[in-house]
Amino acid sequence: MHPAFSVILLTTLIGMGQGLFLALYTEQVYSSLQVLDASRDGQFYGIGSAIAVVLLIAGLLASFFHLGHPERAWRSAAMWRTSWLSREVILLPGFIFFVFLYGVTHLFGLDTTIMNIGAVAVTLSLVLGMIATALGFLLFVATGMIYACIRFLQEWHTPLTVINYLLLGTASGFTFATAYAAYYAPELVSFYAGWAIVLTSTALITRLSSLIRNKRLKPRSTLQSAIGVRHSGISQQAQGSMGGSFNTREFFHGKSDLFFKSIKYIFLVMVFLIPIILLAISFYQPSKMLLLSTITVQYIGLMAERWFFFAQANHPQNIYYQTIS
Amino acid sequence: MQDNTITPDDHIEVKNTTCYMCACRCGIRVTLKNGEVRYIQGNPEHPLNKGVLCAKGASGIMKQYSPARLTKPLLRKKEADRGDSNFEEISWDEAFSILETRLTKIRETDPKKFCLFTGRDQMQALTGLFAKQFGTPNYAAHGGFCSVNMAAGMIYTIGGSFWEFGGPDLDRSKLFIMIGTAEDHHSNPMKIALSKFKRSGGRFISINPVRTGYSAIADDWVPIRPGTDGALMLALINEIIRLGLYDREFLINYTNSAELVNIDQASNTEGLFVRSNETFEEGCYDPQNKLWWDRHTNTEVPTRTPGADPYLLGEFETSNSIPVKPAFQLLVDRVKEFTPAWAAEITGIPEETIKQLAHEMGITARDQKIELPIPWTDTWGKEHDSVTGNPVSFHAMRGIAAHSNGFHTIRALSILMTLLGTIDRPGGFRHKAPFPRPIPPCAKTPKGPEGVQPNTPLAGMPLGWPAEPNDLFIDEENNPVRIDKAFSWEFPLSVHGLMHNVITNAWRGDPYKIDTLLIFMANMAWNSSMNTSEIRKMLNDKDENGEYKIPFIAVCDAFQSETTAFADLVLPDTTYLERHDVMSMLDRPISEFDGPVDSVRIPVLPPTGECKPFQEVLIELGGRLKLPKFVDEAGNPKYRNYPDFITNYETEPGSGIGFLAGWRGKGGEKFMRGEPNPQQWEMYEKNNCVFHYELPRSYQYMRNFNQGYLEWARHHRLTRYAEPITIHVYSEILQKFRLAAQGKLPGKQPPNHLRARVETFFDPLPFYHVPLETELTDTHKYPLNAITQRPMAMYHSWDSQNAWLRQIHTHNYLHVNPKTARASEINDGDWIWVESMHGKVRCMCRYSEAVEPGTVWTWNAIGKAGGAWNLDKNANESQKGFLLNHLIAEELPRTGNGPHLSNSDPVTGQAGWYDVKVQIYKAGDDEPEETWPQFDGPKQSIPGVKPRKRKWLSYFAGKGENK
Amino acid sequence: MTQLALVIDLNVCVGCHACVISCKEWNTSGNAGSLSDLHPYGKDPTGTFFNRVQTFEVGEFPKTETVHFPKSCLHCEDPPCVPVCPTGASYKREEDGIVLVDYDKCIGCKYCSWSCPYGARELDEKQKVMKKCTLCVDRIYDEALPESERKPACVMSCPPAARLFGDIHDPESDVSIAIREAGGYQLMPEWGTQPANHYLPRRKTRMTIHQDELVRADNPLNKEHYAEPEFDDPSLDDVTSW
Ligand SMILES: Nc1nc2c(c(=O)[nH]1)N[C@H]1C(S)=C(S)[C@@H](COP(=O)(O)OP(=O)(O)OC[C@H]3O[C@@H](n4cnc5c(=O)[nH]c(N)nc54)[C@H](O)[C@@H]3O)O[C@H]1N2
Ligand SMILES: Nc1nc2c(c(=O)[nH]1)N[C@H]1C(S)=C(S)[C@@H](COP(=O)(O)OP(=O)(O)OC[C@H]3O[C@@H](n4cnc5c(=O)[nH]c(N)nc54)[C@H](O)[C@@H]3O)O[C@H]1N2
Ligand code: SF4
Ligand code: SF4
Ligand code: SF4
Ligand code: SF4
Ligand code: SF4
Ligand SMILES: [Mo]
């Protein structure tokens, strides 16, 4: 597939936004459960949520660039019964909305206790956060499923796609949170760094699994099934349009093999290797600069990862568009 | 759901006319919305295409509104060079007066200094008439570089030919062999017929070095080495005779196979038929005064003696002690050594396959006979209860024609068809009116320079059909009278001229210098010239006085082609949707097997800008120059315009014969012949623009010898004679030229340097020889044959300005068998050099398993000169596309001081396009990834040509954007 | 239920591109129009087409088959491109099974094209909406056209009549008969999309020659061998008496 920059931005930004929110909320739950000591004020959550909202809205905006008719984007909520894209379109604003409420509740001190369950005070923000969390997870599923549900794109058609979206989003969100904490709540750096390392490492495992899986994939469609001729020696001579077509622009990444392969190693290093090392260092020796670089490196790596995710998907339609003459 | 883009305010019209996106001439129905073309569809009521339409036809909209269209008469600016496309706009009045002044002077002094050459046009009847009236012999159309070998080879043998004059009867055929055809003039009808044929279980074999297009759907593909079909045909003949699979009855009754030939080597009439004493009136027919050897009486008898049964084989001595053999015996002697094994070596086709081919042909012909309950009478008065046929048919075109050995290959093919007994019979080859014609047809050129006189029409036709050496168009010194040297000893039977040598000859002043060259609808600075790069230089070349070697060039074209760039005067033509046209019986009509058909074009749109149909230009010029047929006694123009001319012109006053055969007579009650009918155009318009006369069934077959048909044809003046047209298995006509070369025939004699050539190639029986150019090539250095093919979705160079078609073919590759490519370490897609002994081009390679390994090929005329056709400078056509013509020479390599000889068939002058041999090698890594050679486009815009703009094209008819 | 479709006979398709261009010309000025072209007179011209003809080579020289292969939207019975569309612009008509795009609803997200394994959809790069073969829905029901012309433009134009049009659910329709009798097949059956369009394979007519057809009783050469001897020519009667 041809990776569209807008979609790369969309998926990486909202993934990170979702992850960041989950990081904030995890911390709040831990605090509520008194696993961590609850010394953060509303501002920590409020500003954090605001950043998450900014990331999410940036992602949303980026997605508009992908549309031929952004002014009609509202129509895309129509088919939630069948279309994961439609579901994402509903979930994303819903999630943003609840993150927004969650942040506002914290920021403006609107949080009140609704009830107590044992020693735990169930506050308004906890409930809003719970809803947002549910939406966040659903959003991960929806985003992942947009790709995973297309059965022709065998590289994507696996639960690993959803898991990777989830894990890469949360990993980058927690890394972001680690950096955020370095500024606003240095005491949480190791908490977040720990989680970020765990998530990033898990993501490494699942991402590697998908790489290995994809490498072993045998395309289900072949030239033989594409044109219905049984012979091992078929080659295309012409595709009917010498100046290219939508089919050659949308479904081919158009880059060299070398470029393609390098991107793979680049993202493995930038998304996983470097961040894990840097996070491990900050675990012991927190440094704002180091953490800022960590998230920067990881985010750029994620863009590369997303480019690769798209580029690696070999659409069966490509069988029909191999040669011109 | 309906087309809801049409509102009640929209004005919708539907008009019928005839397509001219190619030479096939299908009927079309054009829907206009608010005066713009909404849709072009095939006319379902048209006999030719029956409603279907090809890709070119369907893209007429993009031709009509193309930004490459010329819309104003243009004059080259004084200071500008030819080729620069630096023009100023002038009025038609100025254009006419420039031509009038110039042409009047030429006509008063030496009319042959005016040359009119036309390309793929369909109005040779009018252009030819104009030239003749002007008095110049220097006129021809594309035939000479196109497929004259096909026309001449077959017409000199069976009195008709493939091309527009006849074709395979696929309705009834069982076995169809297609040889060297990619797309051809009978485009849609061939596709319709092929599919019906296949669906009804017919077997289709294609003989072609390449498998694309039609060949793709063949049941069997027989790849052949280019230029070797002659060997294949001879071997097929050999095998068919060896097994006795020929149609003896047909050969005896309808061909000269049993006629006795003098074989006395000492005699001056050696090789001629021995004739009875019976005298015949001189005329354009083959007198029936020859002899058979009767097996019952074992003596010579006049042919067709009742009760006689002639021998086809044997050697006899006549009562006058002349040793004779039946012509068939001579054929048998000839092919004896041409066995399948021999041909296998030459053609690359396995011996077994050749035998299998012969067996399939012979057995299908003999065991699947067709008999139709149609009684008919032959020219000897014999009544037949039925028409019979042998269902084997062939079609062949330029794959065999465009070689310098094509004439004899095609003779061999015609003889093969004759042996199988398939001439104008059901399931075989069928004629189309006005064919068959006498062998050879009657038209003749003048016989010498005295035929060309100031202020006088030419004393003969500019093109004709020589029957003997005395018919040649040469002066006392054997010099050609025509600029292209047609009908000279170099190319005696060049019945369509040699347009491909006109520019070179005129530039060299050989045989003389000319003044004005008028080119109509031919892209001679590009794809219809061989040796294109050099030709472009010649067009722009000046002598020591700084005068152009070709003093004046006028071009009539509809588009900004490569050639218009070289014109001094450009005449903008209309498109086919904007003009009247006729597809006349005097030219090449669209006749069907069942009878004559002619058709017209009627404008569906007004002319764009200042465009003027070339027909109107000729009529106007004819009036101004006071050419006899174009003016009345007082010297005033006789015709208001072209439609008026078509309605009222008669070949001779009162002849009743004009350009159109339908609805003649005062009220349209007559056909073929009759007084002019003022309503004729309207009547055509009401009838789908077609006139179709279906012959009575008994006149539809065996027309070479069908009394009913021949008398019908004579009555309607398709011909003057109703004599039988005996098939020339043995060609006495060729033998006469050979006798002249041997000094045995009184009259015109070839110059010494051509004697051997004429003697060799004027063989009364077909033979195989290596193409002339190949013979002169170092085939170790240049081992590969390079050929071109027509793509179905492009017409020559016309369509690169067509926004839809150019998306299908926007540049071309050289297609190479992977084995061949790998041997030169060339990968698929690599930039390579293709080099012949004449030049080289750089292009891209594409692997293909569908090409014989000794052959490389490309689509013809996709590559374009930079900036031509109003394409962007970086358009694929010029950057990645290439033209093979740069590698093909218009002349053979010169040997010593010998004459410059055209790279053509030595009999007919057919351009030897497909004889070129090449080598291929990888282009250097440091070389630019673009084709070579490159040509600069115009530096300035051309008046009247829309500026190249538009990133987007979103055509929607009826919005008034294109009116 | 009706399922309209095209059946394409590869046995007679000569790859002429007539269907490509007649489709373009019909549709560019119709309901689906205009179909825009980018760089129409420049480098790499490219435009929106609903139908393309491709060429494949099968086998190694000299056993090569050249296959011309036209492809447009196959109007799948279970069209994966439809459910994924977020706006409902892509839909399959109940009444005749035609898969269509509502250009007024389409947001140009391209998602449906990802979900078509055949590459049958093309985004109009000027109008930014997804387009595809409409099965000429604006011709086939148009009562202003004569009955015989209520067919897709590509079907009308195809010179060898390689394109058949009809209802594949009606077992007696021409298309159903052709599919049945000539071995019609679907593209990429592995995805279960059930394309309504079918393709008919190449079919070969061969000839077997029997030896007795070559050694013929009616061999005309037999008539040539012996010249009838003269009555007076010598014979055994002259020299012996037994
Ligand atoms: N290498 C190679 N070269 C070949 C051939 C080959 O097989 N291989 N084939 C040869 C053959 S058979 C032929 S017939 C020639 C064809 O060669 P040409 O006769 O030169 O044909 P075109 O290239 O199509 O150019 C004809 C011109 O007609 C113009 N034209 C189109 N429509 C109209 C119109 O309505 N009015 C006027 N006035 N002009 C119009 C076009 O713009 C173009 O400039 O090419 C020959 N050249
Ligand atoms: N679409 C389209 N149709 C056209 C034209 C066009 O430009 N475009 N041009 C029209 C004109 S002017 C003409 S003259 C006709 C010509 O129509 P064709 O005669 O079909 O002309 P070519 O395309 O030259 O095809 C020549 C074929 O012969 C094969 N061939 C080459 N050398 C040999 C050989 O030695 N032996 C054999 N057996 N085969 C050989 C080539 O591979 C090719 O398939 O087409 C007409 N129709
Ligand atoms: S074959 Fe095509 S281009 Fe030629 S006349 Fe017919 S429709 Fe027109
Ligand atoms: S029009 Fe017919 S023959 Fe031509 S490419 Fe299309 S399907 Fe094939
Ligand atoms: S071919 Fe593609 S676009 Fe057409 S219905 Fe099937 S999946 Fe949808
Ligand atoms: S591009 Fe249009 S039709 Fe396709 S999925 Fe998006 S909205 Fe639907
Ligand atoms: S059915 Fe109509 S829209 Fe579809 S390919 Fe044919 S012409 Fe084009
Ligand atoms: Mo031609």
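1. Let's start with an enclosed space. In this predicted model, three elements of chain B, namely α5 (143–146), β24 (552–557) and β29, each supply at least two residues of the lining of the largest cavity. Which of them gives the most? That is β29(B), with three residues.

2. How much space lies in the largest cavity? About 510 Å³. A general idea helps here: rolling a probe the size of a water molecule over the atoms shows where empty space is left. The lining of the largest cavity is made up of 37 residues, and those nearest its centre are B:Arg120, B:Met521, B:Asn527, B:His796 and B:Trp798. Sorted by class, the lining has 18 nonpolar, 12 polar and seven charged residues.

3. Now have a look at ligand 2, which is surrounded by 31 residues. The closest are B:Ala182, B:Asp229, B:Gln789, B:Met794 and B:Tyr914. The shell around ligand 2 divides into 15 nonpolar, nine polar and seven charged residues.

4. Which atoms of the protein lie by the oxygen atoms of ligand 2? B:Ala182 uses its backbone, with an N or O atom 2.5 Å from an oxygen atom of the ligand. At B:Gly227, a polar backbone atom is 2.6 Å from an oxygen atom of ligand 2. B:His403 brings in its side chain, with a polar atom 2.7 Å from a ligand oxygen. On its own, ligand 2 has 910 Å² of accessible area, and the protein covers 99% of it. Two elements of chain B give two or more residues to the shell around ligand 2: α14 (398–401) and β29 (784–789). You have met β29 before, in the lining of the largest cavity.

5. Why can we say that ligand 2 lies between two domains of chain B? Domain 2 (159–434 + 726–730) and domain 3 (774–922) both give residues to its shell, so the ligand lies between them.

6. Chain C is worth a visit too. Ligand 4 has 14 residues around it, and the closest are C:Cys13, C:Cys16, C:His17, C:Cys19 and C:Cys158. What classes make up the shell around ligand 4? There are 11 nonpolar residues, two polar and one charged.

7. Last comes ligand 5, with 13 residues around it. C:Cys73, C:Cys76, C:Cys81, C:Cys116 and C:Arg121 come nearest. The shell around ligand 5 holds 10 nonpolar residues, one polar and two charged. When you read these class counts, keep in mind that Cys counts as nonpolar here.

How values were computed
Residues numbered from 1 in each chain as written. Chains lettered and ligands numbered in written order. Predicted model: local features only at pLDDT ≥ 70, side-chain atom pairs only at ≥ 80, totals over all residues. Heavy atoms only, no water. Near = heavy atom within 4 Å. Polar contact = N/O pair within 3.5 Å; in protein donor to acceptor, adjacent residues only side chain to side chain. Areas by Shrake-Rupley, 256 points an atom, 1.4 Å probe, with all protein chains shown as cover. Helix = DSSP H or I, 4+ residues; strand = E, 2+ residues; numbered from the N terminus. Domains from an automatic or database assignment. 1 Å grid on protein atoms, 1.4 Å probe; cavity = no way out; pocket = protein on both sides within 12 Å on 5 of 7 lines; lining within 4 Å. Points joined across faces, edges and corners; volume = space filled by probe spheres on them.
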